[in-house]
Amino acid sequence: MKKLIYLFIFLLAATSCNDFLQEDPASLMVDSNFYKTEADADAALVAVYDGLNDQSNIFYRGIYLLAELTTDNAECGQGVANANIFALKNFTYGPVNDRIYLLYTSVYKTIANANVAIDKIPAIPFADAKKNRLLGEAKFVRALLYFNMVRLFGDVPLVLNQVTSLGDVNVPRTETAKVYEQIISDLEFAEQNLDATNSTANVGRATKASATGLLAKVYLTLKDYPKARDKAKSVLDNAQFGLVDNYFDVFTPQNRFNKEIVFAIQNKGNTGAANGFAMALFLPRSTIALPGGGTVAGNSADVPTEEFYKSFKVGDLRKDRTFFTEYDAGGGKATFRPHWYKFFDPSTITNLGEGTLNYPILRYSDLLLTYAEALNEIGGPSAEAFEAINKVRRRAYGKPVAAANATTDLQGLSKTALQDAILDERRWEFGFENHRWFDLVRTGKLLSTLQAKGNTAIKDYHVLFPLPQRELDVNKSLTQNKGYTN
């Protein structure tokens, strides 16, 4: 039964909402035979989480192409052949772009999975506590996805129920404020009903702290700084979380479940198929020799900018975890231009689709910097704000996190200077974690930052991406974002 349910959910989610126009509506009703038992409810949640693991189109590369490549952090490498990827980097993209389309539709497929779970689980007879926990997990995932969508596209169709008829698919765009209301509502439900901690049985699933931490970032984006402060502080005060002593160890395969991870997408690795990070995309092309002969067939598609590489200050240990310029896999040391290193998994060097590192969505350091930013916006620089950012900085330079250090600590900055310092710190802390575009847009500095570094193509309207033209062609209720219409 579980396999049948999973197959149905997969088929239901295998098209975007608008693609249902080409299906027989009667075929959408076969799920009336499923969702009868607690095991069925568990299977529905498996499908929701599995959607997050669509790393080609959502996490990590789908977001990377929009939120990292389009910034000063990254550029197209020599292995890029897709003209749509170059268009993103060069700000010449429009509504017809396969990378934008794949992200957009893949997100809605996973939202569809969440909606099925949210609609069907309440009627299944089993314990209310677990039922509400499963609903909280589905709502957390839905909120996370809509949070990305509303930041990338602005007004988006707000689909909250299972698609069962043709009338469900021609959904107009919902104004941004209403989308955020739903995101907050979903996260508040999750906050109340998720487990407080992960156990062996539910490792990797969203917890109360995951919902609270994501709420902090939502409120920061909405400029509701008191609520952002309070939500961030709630997680910072939670004893089960904290900074890992060594920045390098946050990202090692053997340390996938460390105290700094508030929520991460679980990687499947070591399954004999390409289910991990596609390491080939960010490894050098055929330059790393293997001990038994041959070389690693990376293609240098996703690479950092030289400017970002050189921006790290002397002594900042994050530089050598974020990038590498040499590596010895046992066949001799190879050297190359800076490449991304953060998610490199040495154990799978001969199978470049098999990385086992999880994809971090929310880290403790993110909430420290969220807290510092919120405090600074509320009342300007304060001892608490400085302490929050300085903890991140001390760890970055290998100093004890809890002890003041004159060589690393910031002090005496104006409000504006601290704003800039926090933005810089976020860049160094989260390189290759796909925060940069969101941070620059949230702070109103996308255009000025990129223009100062020589980008002459970026325009005001690029703070949002265009809705895919194919979606507009099918759903006549949709309108296009400013700047992308003919």
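Begin by selecting helices α12 (364–379) and α14 (415–429) in this predicted model. The axes of these two helices approach within 10 Å and cross at roughly 165°. Because an angle over 145 degrees counts as roughly antiparallel, α12 is roughly antiparallel to α14. In handedness, the crossing in which α12 passes α14 is left-handed.

Next, display the side chains where the two helices meet. On the α12 side, select Ser-365, Asp-366, Leu-369, Thr-370, Ala-372, Glu-373, Asn-376 and Glu-377. Their partners in α14 are Lys-415, Leu-418, Gln-419, Ile-422, Glu-425, Arg-426 and Glu-429. When examining such a list, recall that an α-helix has 3.6 residues a turn, so residues three or four places apart point the same way.

Now move to helix α13, residues 383–396. Its 14 residues, at 1.5 Å a residue, should span 20 Å, and the end C-alpha atoms are indeed 20 Å apart, so the expected and modelled spans agree. Centre the view on Asn-390, where α13 has a kink of about 25°.

Then colour α13 by burial. The helix is mostly covered, with 10 of its 14 residues buried. Asn-390, at the centre of the kink, is one of the buried residues. Others among them are Ala-385, Phe-386, Ile-389 and Val-392, together with Arg-393, Arg-394 and Arg-395.

What covers these buried residues? Show strand β10 (359–363) alongside α12 and α14: the cover over the buried residues of α13 includes these three elements.

Finally, select Gly-398, which follows α13 and has a positive phi, near 75°.

Terms used:
Residues numbered from 1 in each chain as written. Predicted model: local features only at pLDDT ≥ 70, side-chain atom pairs only at ≥ 80, totals over all residues. Heavy atoms only, no water. Helix = DSSP H or I, 4+ residues; strand = E, 2+ residues; numbered from the N terminus. Expected span 1.5 Å × (residues − 1). Bend = angle between axes of the 7 residues up to and from the residue. Buried < 20%, exposed > 50% of the residue type's maximum accessible area, 1.4 Å probe, protein only. Contact = heavy atoms within 4.5 Å. Axes fitted to C-alpha atoms, helices over the stretch in contact; angles between N-to-C directions. Parallel < 35°, antiparallel > 145°, perpendicular 65-115°, else oblique. Left-handed = near helix turned anticlockwise from the far one by under 90°.
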